[in-house]
Amino acid sequence: MTAALIGLPLFGAATLLLGGRRTNAWGHFFAVAMSASSFFVGIFLFIQMLGRSGEERAVGQYLFDWISVGRFHVPFGLHIDQLSMVFVLLITGVGTLIHVYSIGYMEHDPNRRRFFAYLNLFVAAMLLLVLADNYLLLYVGWEGVGLASYLLISFYQHKPSAAAAGKKAFIVNRVGDVGLSIAVMLMFVTFGTVTFEGVAAGAPQAAPSHVTWIGLALLLAACGKSAQFPLQSWLLDAMEGPTPVSALIHAATMVTAGVYLITRAHAIFDLSSTARTAVVTIGAITLLLGAFIGTAKDDIKKGLAGSTMSQIGYMILAAGLGPAGYVFAIFHLLTHGLFKAGLFLGAGSVMHGMNDDVNMRHYGALRTAMKITYATFGLGYLAIIGVPPFSGFWSKDEIIHAAFGQNIYIGLATLLGAGVTAFYMTRMMAMTFFGEARWEKGIHPHESPATMTAPMLILALGSAFGGLLLVFVGDIEGWLEPIVGIGHSDHAVSNTILIPVTLLVVLVGAGYGWMTYGRRPVPVVAPENVSLLTRAARADAYGDALNEAVFMRPGQYLTRALVWFDSKAIDGTIGGLSAAIGGLSARGRKLQNGYARSYALTMLGGAVLIAFVLLLVRL
Amino acid sequence: MKNSFEYAALAPIVVLLGAGVFSILIEAFVPRTSRRICQLFLVLGSLALSFGYVLINATKTLVGDPATNGGQTHGLRQFAVNGATVIDGAGLFLQGTLILIAFVAALLLAENQVDPQGDAFAARSSTLPGSEDERQFTAQGWTQTEIWPLYLFCVGGMVLFPVANDFLTMFVALEVFSLPLYLMAGMARRRRLLSQEAALKYFVLGAFSSAFFLFGSALIYAVTATMNFGQVSVALENAGQDTLVITGIGMIAIGLLFKVGAVPFHQWIPDVYQGSPTALTAFMGAATKVAAFAAMLRVFYVAFGGMRWDWRPMFWVVAILTMLIGSILAVTQTDIKRMLAFSSIAHAGFLLLGVIATSASGLSSSLLYLFAYGFTTIGSFAVVSLVRDAAGEATHLSQWAGLGKKSPVVATSFALFLLALAGIPLTSGFTGKFAIFTAAIGGGATPLVIVAVIASAIAAFFYARVIVLMFFTEPPVDGPNVVIPSWFTKIAIGVSVAVTLLIGVFPQPLIDLIVSSGIFAS
């Protein structure tokens, strides 16, 4: 059954890609069906799992020996436990909704079949990532989602910016993937195995320095995939892809793979406080950086992308807190998956109505024109800024709480992040749905078709009630406890103080956002004379400039030097050598003169040589 | 001493030589028109039967424990004819290899569709080249089925060669397989003068080298009073430092080095390979190399194994010269057959590493290399015989330009053979080279391996050049054509391609077989 989860969408992708134009007419429905069946299989497995007690819920499925060379054995095995199950439901559930949404969104695209094939491919790869029972197989899924992400970001190939964004995502991700491959190699060297079980069992006996290095390598991998500092630059450009892709891959699922990886490898991080500190630091930096970038973006999708970075920063930070935080990292991942997907779909709906314009300065007053979008986006907004009882509140508050338990500065960072989140999200709401209409000529905003609004409504319900359900009905902490340990520890600040303080900070952020963008008219053209900070935020906090200065330029110089070395030194040597050999060869040919007598003479010479060498040895 | 003749153990040889005699009777009594078909049945049938006997001998239960039998796990391991021959696992493997190669080569020799005038041999080799007689016989469509008895004797001698256990038997086997080759080399249908010149050179130089071999044997006998390898080895433990022994070893080495085509006894190879009918070149290139190396391995592992510190330096010098000169001279060749000839010289150098190793892994890697190389060589010459223009085979390299566009299948298989000769992974050539280099390093010959790798790199150039020529050059306007051959050649090329790929991708079963044959019995 577990294999069917992956097999169904994979079959869908294969059918659509290999079937070619014959599948054009029904391909998108087939893809939706495959994704939905996978979801139903997931539900079925989930119910089965509920029937078992806590310790017996994890089930492995051994398929075949994948690699078996000398000491190196890697089974092709799947492993489904409570943690994987959470992801399976999120991926297939949100994935299916986004498949449905894409039917409407991609209706007029000539390459619709290819798009759905890639979506199916992504779902299959992501499921492989979370269902693998060893790090090497996880790596396959990891690369698979990277490939799907690359294909989908650059889906609008005719746009040079989309092609460049795809390449950028691919290359930046490669840096992270190096981390994962190093981690897998280190694991094999240290533990002699790469299975989750074997690594977890071997970690306590291994040298602490090895464990720390593995942890740091895994963190590098997580930074790449989850767009964490300093590998965050690709995510903003990734918004060049179709909006459903941004919702599914670059908000709800793939970018959370880093959080999954760190949680899955908790046996490593539990043992190394250095690695944990690094994780927390990266998380804190990214959550502030992302929020900061989000405050100045006029492109609605890029604003949401900054927000995604920031929210994943929360999750990474929580995962770095150790057993106190894993549960909340996953919890926030789930709620974020719901509300961020909803927000992106809302953004897509707005763009659909505004003729694919992404600039919020051209929006305004859309609440009357697009009622459903307004309502669903609004629910997502309330969820993300953490207003009780919407879903974001439950998870984010727990992270802030746990962060204060760790360290006061980390706690303050998360609190500040919550305030900034409220500010930029309010700005987005105000610029899009309130104020006066700043629509360009000839634009007539209209509500999107039902295939688009239905998934938005479902996700809005999730944003509204997901947190409540998970805390009070699902008992997320008890559910994950067998995998990642107990969630609670001693906290420096009690929740009774912290919740009001957090809400106050959120209110200040939202209020300031409303005062700036809701009450005052928004200029249609972005003002030029702005503060240095705004400029920095508009330029993605100079992430690209940094990359260019630190990596690209030196890389280019290195390449030039190598090319020079290659053409002068290496080619010169080889060219000279080959000329010498050719000359030698031409001369040697003359000995081959065709006369049997000279051949016999050569043989006689050879005989003398042999006799000489033999006798020489004896002396 | 009671004389004995173990028929069962020697059956593969007896069958072939007996078939040779029978083949002569066919020439004498069967009408001309039906001779070809009779001979073909006889040749292929006797080869199959002989191979069957090899299989029977190889699958017999081993007498005794593998540990005391040099690692051999099954099959015969016994002396025959009062110790004149020895049937052991390695010998059986070599016999099997030789018979398989001979079978595939026989298919090539039987080909009579590619040349509009008939098969690869002269209508009547007694006629003067260019004479009126020749024209008439050719016009009447005569063929010389006399090559078949020659062929059977030749193969019979070769199959005896690897299991000969004394110098005299070895010499007889050497002459039995060499004399028919001298003859057949001179019987080409096209370019007959070149062919006859090649045959004469081959004969004169071959006789010269045989004299060395015989003289060396006499010297060894003079010191040890025996011809038997095992007894020589024992006797040399006492008398090893005698100058006569050293000279004897050197002269025997010269005789064998000539047969394998090692520098400086190599000069006949390009001329003979080029002049002989291509189907025969395929047989010579593959089978002679296997047989000669088989004998050399046995002589230097068994009889002179204890003297290795004396002869190794000499082999080092020869191996280095052979690898480098073979590769370097191949670079400027313009004739495809000559290029392959020089490549075969270089390969002889690589194979010498296996002799120098003088170890179990040296032997097993040599056997693997020989098996792989034999089929690749047959396949590559088989392809050469298909590229023709009005004057016969088009062997000048420039004529091969753009062949990939005209005949992708043939060009691709030739490219595969070239890659195998160059030792590129996933072909049999890589497997063999890797094994033999590993064995040589294990035997302490790392500097030799370095030279071998350099020589391989040089060699890769001229192999790759042909591939580039075939696939990335425009074909000339009036270039040669690839002839569609009969099933004989198709099967021969197909088998060679299959072996080349299979040993490249799944070498393990063959390696297991070779390792289970153990080392030479002494």
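This report walks through chain A, one helix pair within it, the nonpolar cores, and the contact between chains A and B. The model is a predicted one.

**Chain A overall**

Chain A has 619 residues, and 52% of them are buried. Its secondary structure consists of 25 helices and 2 strands. Long-range contacts are common here. Among contacts in chain A with a separation of 6 or more, 81% join residues 24 or more positions apart.

**A helix pair in chain A**

Take helix H2 (residues 27-50) and helix H4 (residues 112-131) of chain A. Their axes lie 9 Å apart, and the helices pack at an angle of about 15°. Angles under 35 degrees count as roughly parallel, so H2(A) and H4(A) are roughly parallel to each other. Their crossing is left-handed.

Which residues of H2(A) meet H4(A)? They are Gly27(A), His28(A), Ala31(A), Met34(A), Ser35(A) and Ser38(A). On the H4(A) side stand Arg112(A), Arg113(A), Phe116(A), Ala117(A), Leu119(A), Asn120(A) and Val123(A). The class make-up of this contact appears in the table below, beside that of the chain B side of the interface.

**Where the chains meet**

Chain B puts 27 residues in contact with 24 residues of chain A. On the chain B side, the elements giving two or more residues are helices H7 (192-224), H9 (243-260), H10 (268-275) and H12 (308-331). H12(B) gives the most, with 9 residues.

| Contact | Nonpolar | Polar | Charged |
|---|---|---|---|
| H2(A) with H4(A) | 6 residues | 5 residues | 2 residues |
| Side of chain B that touches chain A | 20 residues | 4 residues | 3 residues |

**The nonpolar cores**

In soluble globular proteins, nonpolar side chains tend to be buried together. In this model, the largest nonpolar core holds 205 residues. Which of its residues touch the most other members? They are Ala105(B), Phe161(B), Ala287(B) and Leu353(B). Helix H11 (residues 278-303) of chain B supplies the largest share of this core, 20 residues.

Phe161(B) shows what such a position looks like. Leaving aside residues up to four places away in sequence, Phe161(B) touches Met170(B), Ala173(B), Leu174(B) and Phe177(B). Phe161(B) also touches Ala291(B), Ala294(B) and Ala295(B).

A second core is separate from the largest one and has 198 residues. Leu90(A), Phe155(A), Val420(A) and Ile476(A) are included in this second core.

Conventions
Residues are numbered from 1 along each chain as its sequence is written. Chains are lettered from A and ligands numbered from 1 in the order in which they are written. This is a predicted model: local features need pLDDT of at least 70, side-chain atom pairs count only at pLDDT 80 or more; totals for chains, interfaces and linings use all residues. Two residues are in contact if their C-beta atoms, placed from the backbone, lie within 7 Å. Helices (H or I, at least four residues) and strands (E, at least two) are DSSP runs, numbered from the N terminus. Ala, Val, Leu, Ile, Met, Phe, Trp, Tyr, Cys and Pro count as nonpolar, Asp, Glu, Lys and Arg as charged, and the others, Gly among them, as polar. Axes are lines fitted to C-alpha atoms, for helices over the stretch in contact, and angles run from 0 to 180 degrees between N-to-C directions. Angles under 35 degrees count as roughly parallel, over 145 as roughly antiparallel, 65 to 115 as roughly perpendicular and the rest as oblique. A crossing is left-handed if the near helix is turned anticlockwise from the far one by less than a right angle, and right-handed if clockwise. A residue is buried if 20 or more other C-beta atoms lie within 10 Å of its own, exposed if 12 or fewer, and partly exposed in between; C-beta atoms are placed from the backbone. A nonpolar core is a set of buried Ala, Val, Leu, Ile, Met, Phe, Trp, Tyr and Cys residues joined through C-beta atoms within 7 Å.
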